[in-house]
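Subject: Structure for your review

Dear colleague,

I am passing on the structure below, and I would be grateful if you could look through it alongside the notes that come after it.

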Amino acid sequence: IFFRVPWTMTFRVTQLLGLLALLLCTSLASASYRVKFEVGNLDGKPGPDHNGEFVMEVHEEWAPLGAARFKEMVDSGFFKAIRFFRVIEGFMAQFGIHGKPSVAAEWREKKLKDDPVKESNKRGYVSFATSGPNSRTTQMFINFGNNANLDGMGFSPFAKVVEGMEVVDRIYKIGEKPNQGEIQSKGNAYLKKQFPQLTYIKSATVLDSDKSDEL
């Protein structure tokens with residue numbers, strides 16, 4: 001037995017399915033989460049008055065591969081004791097070389113393909129550093145200023161600081177003095193001895209959605 005379905009019903013079902021697909025895509029595209037960083041040695045000085053925290057909001061749709069790598073790093077406890085080793089006034093604060101050379105070496109081989117640049121490198125936005133096409137690993141930076149000139153160079157933001165930018169502004173401005181080769185080979189032992197004033201990360205924690213809504 002064959003029943004003919006009115007075309008109006010077919011049209012409405014098609015519309016409904018299309019709407020559901022759109023809602024699903026929108027939900028997936030808008031996926032985001034927040035990570036709280038606790039830092040020490042702000043202003044290049046030790047002590048409780050020089051501790052602080054800031055919160056990054058990660059947007060997976062901005063740079064899916066970068067966001068996934070960042071989450072992998074947070075989940076593995078990568079950021080504990082990491083130093084901000086290249087910090088230039090008015091430009092950016094760079095970090096992301098692990099303090100143990102053996103661990104740093106492992107991550108250095110995990111290169112990512114580039115994400116298309118969808119957001120601009122504005123103040124507070126966070127991008128991975130690169131040394132050329134498809135070379136991102138673990139180093140990243142927070143923009144102090146509006147650095148739109150980096151957009152055309154392939155630096156794709158995956159997150160932005162949504163709380164505590166005044167804390168980020170207090171990260172010690174070491175300039176470009178630490179040698180990255182020395183950091184890779186000697187780790188925090190080199191940085192603690194030669195540059196004890198560097199601001200460092202105490203912890204990085206993913207916030208649950210309820211706490212994020214309160215921020």
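The notes that follow deal with the sheet, a helix that lies across it, and some of the salt bridges.

Please keep in mind that this is a predicted model, in which local features need pLDDT of at least 70 and side-chain atom pairs count only at pLDDT 80 or more, while totals for chains, interfaces and linings use all residues. Residues are numbered from 1 along each chain as its sequence is written, and side-chain values use heavy atoms, with hydrogens and water left out.

Helices (H or I, at least four residues) and strands (E, at least two) are DSSP runs numbered from the N terminus, and two strands are taken to pair if DSSP finds at least two bridges between them. On that basis there is an open sheet of eight strands, in the order S3-S4-S6-S5-S7-S2-S1-S8, with antiparallel pairing. Its edge strands, each pairing on one side only, are S3 (84-88) and S8. Neighbouring strands of this sheet are turned by 25° against each other on average, direction ignored; axes here are lines fitted to C-alpha atoms, for helices over the stretch in contact, and angles run from 0 to 180 degrees between N-to-C directions.

Strand S1 (residues 32-40) pairs with S2 (residues 52-59) in the antiparallel sense over eight bridges, and Glu38 has Glu53 in S2 as its bridge partner. S1 is also joined to S8 (residues 200-207), again antiparallel, by seven bridges, with Val39 standing opposite Ile201. Helix H2 (residues 64-75) lies across S1, S2, S5, S6, S7 (157-163) and S8, in contact with them (heavy atoms within 4.5 Å), and runs at about 50° to S1.

The count of salt bridges (a side-chain nitrogen of Lys or Arg within 4 Å of a carboxyl oxygen of Asp or Glu) comes to nine. One of them joins Asp75 to Lys71, with the closest N and O atoms 3.0 Å apart; these two residues are four apart in helix H2, and therefore separated by about one helical turn. For accessibility, buried means under 20% relative accessible area, exposed over 50%, and partly exposed in between (1.4 Å probe, protein chains only). Asp75 is exposed at 52%, whereas Lys71 is partly exposed at 29%.

Another salt bridge is formed by Asp115 and Arg136, with the closest N and O atoms 3.0 Å apart. This pair links distant parts of the chain, 21 residues apart, with Asp115 in the loop between helix H3 (101-108) and S5 and Arg136 in the loop between S5 and S6. Asp115 is buried at 7%, and Arg136 is buried at 3%.

With kind regards
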